Amino acid sequence: MERFDVIVIGGGHAGAEAAALAARAGARTLLLTQRLATIGQMSCNPAIGGIAKGTVAREVDALGGVMGRATDRSRIQFRMLNRSKGPAVWSPRAQCDRRLYREAVRSLLDERPGLSLAEGTVARLLVEGGRVVGVETSEGTRVAARSVVVTAGTFLRGRIHVGTSDGVPAGRAGDAPSVELASALAALGLEVARFKTGTPPRIDGRTVDYARLARQDGDPEPYRFSWFVRAVPPAQRPCWLTWAGEPVKAIIARHLHESALYGGAISGLGPRYCPSIEDKVVKFADAPRHQVFLEPEGLDADELYVNGLSTSLPAEVQLAFLRAVPGLEQVEMTRAGYAIEYDWFPPTQLERTLESRAVMGLFFAGQVNGTTGYEEAAGQGVVAGINAAARALDLDPLVLGRDEAYCGLLVDDLVTRGVDEPYRLFTSRSEYRLLLRQDNALRRLMPVAERYRLLTEAERRVAYERLEAEERLLERCGSAVVRPEQVNELLEAHGERGLQEPVRLSALARRPAPGLAALLEAAGEPHDAELVDWVGIELRYDGYLAREQARARRLREMEDFVLPEELDYLGEQGLSYEAREKLHRLRPATLGQAGRVPGVSPADLQGIVVAVLRWRGGAGCT
């Protein structure tokens, strides 16, 4: 029997990152997937980034993952969302060429030392004495491992629905579901539930009347998701904006009973933040229209992704409502949209390392944990991959704090609070979003990369050169003096009061406008545009940053208060009944984590402290 340290099941976004990071951490790793040709497949919208998601993509890259590098190789449009707002919500987003992205992921994994790729459908987990020891494929091949990461996405008993038929068993369009593995996981005693998600139709771009659409071009400024590789992006393409108005709503209302969701074919819950067009028409009946974005699938295809019209209505109804959209009156549909229903495992059954509490060495990442989105899957893949390697190699586990990374916030939300609908990241979920910005992801996570030796020597050199250059620019801003004649015209053009005497550049940079880059240029100070964001934010928001850092330190004090696994919450009469029940089931590791459990009050936290101190002073303390 062949042996590995880590086996990763599935080659989607979670699986690719888990495999890459486990190998980077020093584990001999095998990625097992049904089809090698679909590793890195973008099953839904071919885009990376967006609100909070773009920061996750940069965090993944900072730790050595593949998402940022693959995006830079394949992006055909880039936009920095929310530039008009504060830096805590600046969000990089790239539209990608679907084929180029998939090829880039495969190439990056092929280059990774210590990582093997193989085709196979995992049917069973091999478990001995409460610990996973390997897997068995449906062909009967057995492979041994000390850790296994399940990243099966929507494949676990997946079923595709178009209309009200019984549906077609599938993990996604064109791929078979994983039924045996779903049954094997359920047989371990894990709680299982059902979710659904959906995709919109695709259309032939040659049949679109672009004169009736609003054109959306990307940002002209250069931007790279990856900190380490300066890939040259392909040719850029525009996206297009239109609307689904009253004619579309009327068609959908007439055929609502034919929808898989509203016709009773699907019972699983769908994502609230990415609803189907049927949901929009029913739940937002007063809205006169809904945005529809037409996004290119790639450079060598005329196909467009119709973002905003996810649906499970019959194909003929889809074509009818598409032709009711302005600009699409003569459109041809190349692929119908569909809904897919699949098994997932409530993540409150996991530790903050994403390891199962039921089976040692078994990790879960991605949509199997009740999330939605490529970036959420990738972030979990990073955490699970590093921790699977740590379990196999007897290293210390990685637990990222909520103030350290969106990846840490994501995992903590999942395992502590659980989910009752497909989970999606937003900046509003973070208490520390000014600390967790896209521009400082490398600075925040470099200590983790160093601890687990995730970067090559060349990558470490690039990282430290970048961080040192930022520090030098910050110091230069603190010492450089700006004269009125250099900047007053610029200041007055932005509605700012001119200078009466020379001031330090760092003081002037705290003004709302015109921004550090423009001030450096006016002052004749040489600068690298890629360094300016971090320095400008550090100068302008230094007081706010100091307050958030102080709050984060207080949180870490609560995180340092460890709760013993043996504590009998059910017997603690000083806690509310709800708190006793939830704490007994979730077994939080720290007081901070206990405080984030829904239903646990400040009074309950005080009761927990008393209980722990009593336990430490009694027979329970060893």
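## Exercises on a sheet and a helix pair

Helix α8 (residues 315–322) lies across β13, β17 and β18, and runs at about 135 degrees to β18. The model examined here is predicted.

**Exercise 1.** Determine in which order the strands of the open sheet that contains β13, β17 and β18 follow one another, and which of them form its edges.

*Solution.* Begin with the pairing, which is antiparallel and gives the order β14-β15-β16-β17-β13-β18 for the 6 strands of the open sheet. Next, look for strands that pair on one side only, and these edge strands are β14 (214–216) and β18 (333–335). Then consider the twist: neighbouring strands of this sheet are turned against each other by 35 degrees on average, direction ignored. Finally, inspect one pair in detail, where β13 (residues 202–204) and β17 (residues 303–307) run antiparallel and are joined by 3 bridges, with Tyr-305 in β17 as the bridge partner of Arg-202.

**Exercise 2.** Describe how helices α12 and α16 pack, starting from their angle and the distance between their axes.

*Solution.* First, take the geometry: α12 (residues 457–479) and α16 (residues 529–540) pack at an angle of about 50 degrees, and their axes are 9 Å apart. Because roughly parallel requires under 35 degrees and roughly perpendicular 65 to 115, α12 and α16 are oblique to each other. The handedness comes next, and the crossing of α12 and α16 is right-handed. Then turn to the contact itself, in which residues of α12 including Arg-466, Leu-473 and Cys-477 meet residues of α16 including Glu-530, Trp-534 and Leu-539. Sorted by character, the residues of this contact comprise 9 nonpolar, no polar and 4 charged.

Technical notes
Residues numbered from 1 in each chain as written. Predicted model: local features only at pLDDT ≥ 70, side-chain atom pairs only at ≥ 80, totals over all residues. Heavy atoms only, no water. Axes fitted to C-alpha atoms, helices over the stretch in contact; angles between N-to-C directions. Helix = DSSP H or I, 4+ residues; strand = E, 2+ residues; numbered from the N terminus. Parallel < 35°, antiparallel > 145°, perpendicular 65-115°, else oblique. Left-handed = near helix turned anticlockwise from the far one by under 90°. Contact = heavy atoms within 4.5 Å. Nonpolar A, V, L, I, M, F, W, Y, C, P; charged D, E, K, R; others polar. Pairing = 2+ DSSP bridges.
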